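Good morning, and thank you for making time for this presentation. I shall go through one structure and ask you to keep the display in view as I speak.

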Amino acid sequence: MATIDGVYNGSDMFLYLGTEILVHSTNTSFSLEQKLKNTTCRETQGWNQSIAGMREWGMDAEGAVAFRNSSGTLYANEPNYIGVADIINDYIINRNKVFVKVKPPGASSVNNDNLKWEGYVYITSVNIDTPNEDTSTFSLSLSGVNEFNITIMSIV
């Protein structure tokens, strides 16, 4: 886990769907949004007035499409990894929500000095691109269900 003054190298962060690492992931992004409720009335003298409303969160992930590892084993038969084919079947076709977390490899929750984001999501879209003479890629959109947690943890 390479950090310089506490800044993480994005290559050191993994997206877990349940207990499985998203295979060949190249990018994961996290978003959090605070909606506002308009409470403007005549007494605000033409000034917009708002209060906090609903919050929502989600993630997007991208990666290279691979159905087998370098030895020829299907990722479906490989423990600790999940590929795009299983994601489509398990979470889109079967409409299952999944517990996700973004964390560095080897992190535990025993000591508290590294960041981890986690919560339940529905995978709302899967896109696969297969450009001519280029790497085939996938992208996922994940929509948070209820709240998410930010946890501080340590590397072991």
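**Lysines, aromatic rings and pockets**

I begin with a lysine and a ring: K101 lies over the face of Y16, and the distance to the ring centre is 5.7 Å. A second arrangement of this kind involves K97, which lies over the face of Y120 at 5.3 Å from the ring centre. Please bear in mind throughout that this is a predicted model.

Let me now step back to the chain as a whole. It has 156 residues, of which 27% count as buried. Its secondary structure comprises 11 strands and one helix. Reading from the N terminus, the order of elements is β-β-β-β-β-β-β-α-β-β-β-β. Among contacts with a separation of 6 or more, 64% are between residues 24 or more positions apart.

I turn next to the aromatic residues. How many aromatic pairs does a search of the whole structure find? The search finds five. In general, a pair of aromatic rings is described by two quantities, the distance of the centres and the angle of the planes. For W57 and F148, the centres are 5.6 Å apart and the planes meet at 50°, a tilted pair. W57 belongs to strand β6, residues 50-64, and F148 to strand β11, residues 137-155, so this pair ties together parts of the chain that are 91 residues apart in sequence. Are W57 and F148 buried or exposed? Both residues are buried. They also belong to a wider group, since ring pairs link F30, W57, W117 and F148 into a cluster.

F148 brings us to a charged residue, E118, in strand β10. The relative accessible area of E118 is 13%, under the 20% limit, and E118 therefore counts as buried. Leaving aside residues up to four places away in sequence, E118 touches F99, V100, K101, F148, N149 and T151. Two of these names have already come up: K101, which lies over the face of Y16, and F148, which pairs with W57.

Strand β10 also holds I123. With a relative accessibility of 6%, I123 is buried. Which residues does I123 touch, not counting those up to four places away in sequence? The contacts are with L17, I87, Y91, I92, S141 and L142. In addition, the C-alpha atoms of I123 and K97 are separated by 7.2 Å, although the two residues are 26 positions apart along the chain.

I come now to the pockets. The largest holds about 380 Å³ of space. It is lined by 18 residues, and those closest to its centre are G10, M13, F14, S25 and T28. Four elements each give two or more residues to this lining: β3 (14-17), β4 (20-22), β5 (25-38) and β10 (114-129). Which element gives the most? That is β5, with four residues. As for the character of the lining, 11 of its residues are nonpolar, seven are polar and none is charged.

The second largest pocket contains about 160 Å³. Its lining consists of L32, M54, R55, W57, N146, E147 and F148, and the elements that give two or more residues to it are β6 and β11. By class, these residues divide into four nonpolar, one polar and two charged. The lining thus includes both W57 and F148, the two rings of the tilted pair described earlier.

Finally, I draw your attention to two backbone angles. N146, in strand β11, is a residue other than glycine with a positive phi, near 65°. At a relative accessible area of 67%, N146 is exposed. R95 likewise is not a glycine and has a positive phi, of about 55°. R95 is placed in the loop between α1 (84-93) and β8 (98-103), and with a relative accessible area of 70% R95 is exposed.

To close, I would ask you to take away two points. The tilted pair of W57 and F148 ties strand β6 to strand β11 across 91 residues of sequence, and residues from β6 and β11 also line the second largest pocket. The largest pocket, by contrast, has no charged residue in its lining. Thank you for your attention.

Key: Residues numbered from 1 in each chain as written. Predicted model: local features only at pLDDT ≥ 70, side-chain atom pairs only at ≥ 80, totals over all residues. Heavy atoms only, no water. Phe/Tyr/Trp six-rings, centres within 6.5 Å; stacked < 30°, edge-to-face > 60°. Buried < 20%, exposed > 50% of the residue type's maximum accessible area, 1.4 Å probe, protein only. Lys NZ or Arg CZ within 6 Å of the ring centre and 35° of its normal. 1 Å grid on protein atoms, 1.4 Å probe; cavity = no way out; pocket = protein on both sides within 12 Å on 5 of 7 lines; lining within 4 Å. Points joined across faces, edges and corners; volume = space filled by probe spheres on them. Nonpolar A, V, L, I, M, F, W, Y, C, P; charged D, E, K, R; others polar. Contact = heavy atoms within 4.5 Å.
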